[in-house]
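Hi,

Here is the structure I promised to pass on. Have a look at it first, and then read my notes below.

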Amino acid sequence: ASEGKYGASAAENTPLRVPQGKLGERSSVFYSAGQFFFEYLVVVSLKKMPDGHYEPKITYQFPKRENLLKGQKEEEERLLQAIPLFCFPDGNNWVPITEFTSETFSFVLTNVDGSRKIGYCRRLLPSGRGVRLPEVFCIISCLGCFGLFSKILDEVEKRRQISMAVIYPFMQGLRESPFPAPGKTVTIKSFIPESGTELIELTRPVDAHLEHVEFQALLQRLSPHLILHIFASAMLERRLIFLAEELSVLSQCIHAVAALLYPFTWAHTYIPVVPECLLDTVCCPTPFMVGIQMRHLEQVLEQPMEEALVVDLCEGKIIRAVGDEEEILPRKLQNEMLISLNRHNNNNNMHTSEQVNALVSEAFVHFFVRLVGHYTFHIKWGRSGSGSFQERAFCKAIASKSCRRFVKKFVKTNMFSLFIEEAEKSRIPQEGNG
C-alpha cells in the first residue's frame with residue numbers, strides 16, 4: 001500500500017504557496033469552497049479468518065460508484081484496498097471485547113500524480129451487550145480540516161449507537177452541502193428518531209492552514225527544547241520516528257510537527273501511523289516522518305536503520321539521536337524561539353486551542369521570515385516572465401555567519417527547492433526585483 005499506486009507518503013495538507021509577496025503572508029489552500037465534503041464513507045470491520053485471526057475488511061461503502069470508466073474503476077479499487085490496512089494499522093491481534101474508548105485519527109494516501117486523499121477515522125465499539133469487535137468509520141476526503149471532520153465523526157458515532165440506518169441520511173445531506181470557505185458555516189439538517197430534526201452547524205477556521213493542526217497535543221507531550229530539536233531535524237529533512245501507543249496521539253503530534261514547517265511542506269514519506277506489516281519503512285535510506293506504536297519499539301530498534309531521530313511521545317524524551325540536534329539552528333534564533341514557546345507553554349490554560357495554534361504558528365513563521373524572507377529580492381526575472389533564483393547572492397546577503405551557515409544547508413533541501421520553484425512561477429512586481 002505504501003509503494004503502490006496509493007501510498008501513505010508526503011505531507012497531509014495541500015501545499016501552501018506563499019510566494020506572492022513576502023514570506024509569511026497567508027495564502028489560500030488550493031481547494032475552494034463548494035467542493036464535496038467527502039468522496040466516501042466506508043465502514044471497516046474485523047472479519048474472522050479460517051486460521052482464527054481477524055482481518056479488516058470494508059463492509060460498507062457510501063456512495064457506491066456506478067458507471068465508472070475502466071481507469072477510474074482500477075483507481076477506486078486500489079484506494080479501497082489500501083484503506084483497511086490504515087484503519088487497523090495495529091495488526092490483527094484482536095479479540096472480542098466489552099469496553100473500548102473511541103479514538104480519532106487520520107492517515108494520508110498519496111497517488112502517483114501527487115494528489116492526496118485523507119482518511120479521517122473514528123474507531124468505536126458498536127452498542128450492544130456482551131463481547132464484540134470494534135469497527136472504524138472512515139471518511140475519505142481531499143480536504144484537510146481535521147477539526148471539522150472530527151465533529152462530523154462525533155455525529156456519525158452518535159447515530160451509530162441508534163442504528164446504522166440513521167447515518168446514511170446525515171451523510172447524504174453532508175454530501176449535498178458545499179464545503180464552506182474559511183471562517184464560514186454550513187448548516188446540515190438531520191432527522192433522528194425520537195429527537196426530531198436537528199440542525200448541525202459546521203464552521204471552518206478562519207486560518208485555513210491551521211485547520212488540520214492541534215499544536216497543544218505536541219506542547220503537552222514534549223518540552224519546547226525537544227520540539228526545536230525535532231523541528232531542526234525536519235528542516236534538514238532527516239529521518240524522524242515518533243512512538244506512542246494511541247493512534248490519536250501519533251496522528252495529532254506528527255501532523256503538528258509537519259505544520260511547524262509552514263510555509264514549507266514536508267515532501268517525503270509521511271505515515272502518521274505505520275501499519276505493522278510496513279514496519280520495515282524505517283530501513284528506508286531517504287527522509288521520512290513516521291509514527292510507530294510503542295508495542296513495536298523493540299522490533300523497530302532491531303532494524304538495520306540509518307541515522308534517525310527517535311522520539312518517545314509517552315515519556316517526552318528522545319530515545320535515539322544523531323547527536324548534533326542542539327547545534328543545527330542558529331543560536332540566537334533558537335533562543336528567541338525557546339522564549340516564545342515557553343511563554344505559550346506557561347499560558348496554556350489561558351488560551352483556546354485556536355489561539356495556541358495561531359501563537360505557535362506565528363513564532364515559527366517569524367523564524368522563517370527572519371532567516372529566508374529576503375528570497376523575493378533574489379529572483380531574477382527574464383523578459384518572458386520566468387524567474388531564476390540567485391542562490392549565491394541570496395546566501396551572501398545574510399549578515400550573520402551562523403545563519404548563513406545554516407541557510408546554505410537549508411537551500412539544498414527538497415522543501416526549499418519546491419518552494420522556490422513555485423516562487424519562480426508566480427511573478428508579482430516588487431521593489432528590489434530585477
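Let me start in the middle of things: I241 stands opposite V310 in β11. That pair belongs to the ladder between strand β8 (residues 239-244) and strand β11 (residues 309-312), which run parallel and are joined by four bridges. Before I go on, please keep in mind that this is a predicted model.

β8 and β11 are part of an open sheet of five strands, ordered β9-β10-β8-β11-β12, with mixed pairing. At its edges sit β9 (269-271) and β12 (317-320), each of which pairs on one side only. On average, neighbouring strands of this sheet are turned by 25° against each other, ignoring direction. Helix α6 (residues 247-259) lies across β8, β9 and β10 (288-293), and runs at about 165° to β10.

There is another open five-stranded sheet, in the order β2-β1-β5-β4-β3, and here the pairing is antiparallel. Its edge strands are β2 and β3 (103-110), each pairing on one side only. Neighbouring strands are again turned by 25° against each other on average, direction ignored. Helix α3 (residues 167-175) packs on this sheet and touches β1, β2 and β5, its direction making about 60° with that of β2. Helix α2 (residues 146-160) lies across β3, β4 and β5, running at about 40° to β4.

The strand I would look at in that sheet is β5. How many residues of β5 (residues 135-141) are buried? Seven of the seven. In a regular strand the side chains alternate between the two faces of the sheet. In β5, E135, F137, I139 and S141 point one way, V136, C138 and I140 point the other way, and all of them are buried.

β5 has a partner on each side in the strand order:

- Strand β1 (residues 40-48) runs antiparallel to β5, and six bridges join the two. Here V44 stands opposite V136 of β5.
- Strand β4 (residues 116-124) also pairs with β5 in the antiparallel sense, over seven bridges. R123 stands opposite V136, and I118 has S141 as its bridge partner in β5.

So much for the sheets; now the helix packing around α9. The axes of helix α5 (residues 224-235) and helix α9 (residues 353-372) come within 13 Å and cross at roughly 50°. An angle like that is neither roughly parallel nor roughly perpendicular, so α5 counts as oblique to α9. The crossing of α5 past α9 is right-handed. From α5, the contact is made by I227, L228, F231 and M235, and from α9 by F364, F367, F368 and L371. By class, the residues of this contact are eight nonpolar, no polar and no charged.

α9 also meets helix α11 (residues 401-410): their axes come within 10 Å and cross at roughly 100°. That angle falls between 65 and 115 degrees, which means α9 is roughly perpendicular to α11. On the α9 side the contact uses F367, F368, L371 and V372, and on the α11 side C403, F406, V407 and F410. The contact of α9 with α11 likewise has eight nonpolar, no polar and no charged residues. F367, F368 and L371 of α9 appear in the contact with α5 and in the contact with α11.

A few backbone details to check as you go through the loops. Most residues other than glycine have a negative phi, and most peptide bonds are trans. These spots depart from that:

- The peptide bond from F62 to P63 is cis, with omega near -5°. P63 lies in the loop between β2 (54-62) and α1 (70-87).
- The peptide bond from Y262 to P263 is cis as well, with omega near 15°. P263 is in the loop between α6 and β9.
- E237 is not a glycine, yet has a positive phi of about 55°. Its place is in the loop between α5 and β8.

Is E237 buried or exposed? Its relative accessibility is 11%, under the 20% cut-off, so E237 counts as buried.

Finally, some overall numbers. The protein has twelve helices and 14 strands, and 54% of its 434 residues count as buried. Of the contacts between residues at least 6 apart in sequence, 66% join residues at least 24 apart.

Best wishes

Note on methods: Residues are numbered from 1 along each chain as its sequence is written. This is a predicted model: local features need pLDDT of at least 70, side-chain atom pairs count only at pLDDT 80 or more; totals for chains, interfaces and linings use all residues. Side-chain values use heavy atoms; hydrogens and water are left out. Buried means under 20% relative accessible area, exposed over 50%, partly exposed in between (1.4 Å probe, protein chains only). Two strands pair if DSSP finds at least two bridges between them. Axes are lines fitted to C-alpha atoms, for helices over the stretch in contact, and angles run from 0 to 180 degrees between N-to-C directions. Contact means heavy atoms within 4.5 Å. Angles under 35 degrees count as roughly parallel, over 145 as roughly antiparallel, 65 to 115 as roughly perpendicular and the rest as oblique. A crossing is left-handed if the near helix is turned anticlockwise from the far one by less than a right angle, and right-handed if clockwise. Ala, Val, Leu, Ile, Met, Phe, Trp, Tyr, Cys and Pro count as nonpolar, Asp, Glu, Lys and Arg as charged, and the others, Gly among them, as polar.
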